[in-house]
Amino acid sequence: DIVEDGDTFAPNALIKAKAVWEKTGGIVLADDSGLVIDALNGEPGVYSARYGGPDCISDSDRINYLLKKLENVPEGKRTAKFVSVITLVTPDGKEIVARGECPGHILFERHGNGGFGYDPVFFAEDAGCTFAELAPEQKNQVSHRARALRAFVEKAFGTKKEKELC
């Protein structure tokens, strides 16, 4: 069990990577990610997976809790983004940190049956639909994790290598 006590995604990704690196001494890649909603001052943020407390034990519970908190927030004020921070730690202690964001907004109700977490209520601007309405291959092209991985590859290997790998 790794205690993620950072107040943003970057420290939490580093905490995870270093914890595993200390146990293995190998190359470790870790991610911390979540949903950030402007009208809720950044909530759920780093608490995305456990948002709503002990009464919210499922993705559906967390979505219900989120929609309740946003029920009086008008459409134009429901801006949000998914954020992912990926951190690599190498045996020699080198660290590479990359961030990806996917802009969007929170819908008033669920759309789509795919994905997980907040995907049914997160309308991704670039995709023109919710993450839950995308096929996994499509989501893997536009998601916050995809963007973080592309940024990571560019930082680690440079632009030319990114084109070869992606």
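These exercises, each with a worked solution, explore a predicted model.

**Exercise 1. The face of a helix**

Find which residues of helix α2 are buried, and say how they are arranged around the helix axis.

Solution.
- Step 1. Go to helix α2, residues 59–69. Its buried residues are R62, I63, L66 and L67.
- Step 2. Look down the axis of α2. The buried residues fall within an arc of 135°, so they line one face of the helix.
- Step 3. Now see what lies over them. The cover includes β1 (28–37) and β3 (95–106).

**Exercise 2. The nonpolar cores**

Describe the largest nonpolar core, and state which helix or strand supplies its largest share.

Solution.
- Step 1. Recall the general trend. In soluble globular proteins, nonpolar side chains tend to be buried together.
- Step 2. Take the size. The largest nonpolar core has 21 residues.
- Step 3. Pick out its best-connected members. L35, I37, L66, I106, Y118, F122 and F131 have the most contacts inside this core.
- Step 4. Trace the suppliers. At least two residues of this core come from each of β1, α2, β2 (79–89), β3 and β4.
- Step 5. Find the largest share. Helix α2 gives it, with 3 residues.
- Step 6. Look beyond this core. A second, separate core has 7 residues, among them I86, I96, A148 and F152.

**Exercise 3. Aromatic pairs**

Compare the pair of Y51 and Y65 with the pair of F82 and F131: which is edge-to-face, and which is stacked?

Solution.
- Step 1. Note what describes such a pair. The distance of the centres and the angle of the planes are used.
- Step 2. Count the pairs. The structure holds 4 aromatic pairs.
- Step 3. Take Y51 and Y65. Their ring centres are 5.0 Å apart, with 80° between the planes. Planes over 60 degrees apart count as edge-to-face, so this pair is edge-to-face.
- Step 4. Place the two residues. Y51 is in the loop between β1 and α2, and Y65 is in helix α2, 14 residues apart. Y51 counts as buried at 6% relative accessibility. Y65 counts as partly exposed at 32%.
- Step 5. Take F82 and F131. Here the centres are 5.5 Å apart, with 5° between the planes. Planes under 30 degrees apart count as stacked, so this pair is stacked.
- Step 6. Place these two as well. F82 is in strand β2, and F131 is in the loop between β5 (129–130) and α3 (136–142), 49 residues apart. F82 is buried at 6% relative accessibility. F131 is buried too, with a relative accessible area of 1%.
- Step 7. Widen the view. F82, F122 and F131 form one aromatic cluster.

**Exercise 4. A buried aspartate**

Locate D119, decide whether D119 is buried or exposed, and name the side chain that makes a polar contact with its own.

Solution.
- Step 1. Find D119 in the loop between β3 and β4 (122–124).
- Step 2. Check the surface. D119 has a relative accessible area of 2%, so D119 is buried.
- Step 3. Look for a polar partner. The side chains of D119 and K139 are joined by a polar contact of 2.5 Å.
- Step 4. Set aside neighbours within four places in sequence. The contacts of D119 are then F82, G114, T130, F131, A132 and K139.
- Step 5. Turn to F131. Not counting residues up to four places away in sequence, F131 touches D119 and K139, and also C102 and F122, among others.

**Exercise 5. Two cysteines**

Explain why C102 and C129 form no disulfide.

Solution.
- Step 1. Search the whole structure. The search finds 0 disulfides.
- Step 2. Check the gap. The closest cysteine sulfur to that of C102 is in C129, 10 Å away, which is too far for a bond. A disulfide needs the sulfur atoms within 2.5 Å.
- Step 3. Check burial. C102 is buried at 0% relative accessibility. C129 is buried at 12%.

**Exercise 6. Unusual backbone in a loop**

In the loop between β1 and α2, examine the backbone of N41 and P44.

Solution.
- Step 1. Start from the usual case. Most residues other than glycine have a negative phi, and most peptide bonds are trans.
- Step 2. Take N41. Its phi is positive, about 55°, although N41 is not a glycine. N41 counts as exposed at 75% relative accessibility.
- Step 3. Take P44. The peptide bond from E43 to P44 is cis, with omega near -5°.

Methods
Residues numbered from 1 in each chain as written. Predicted model: local features only at pLDDT ≥ 70, side-chain atom pairs only at ≥ 80, totals over all residues. Heavy atoms only, no water. Buried < 20%, exposed > 50% of the residue type's maximum accessible area, 1.4 Å probe, protein only. Helix = DSSP H or I, 4+ residues; strand = E, 2+ residues; numbered from the N terminus. Arc of directions from axis to C-beta. Contact = heavy atoms within 4.5 Å. Polar contact = N/O pair within 3.5 Å; in protein donor to acceptor, adjacent residues only side chain to side chain. Core = buried A, V, L, I, M, F, W, Y, C linked by side-chain atoms within 4.5 Å. Phe/Tyr/Trp six-rings, centres within 6.5 Å; stacked < 30°, edge-to-face > 60°.
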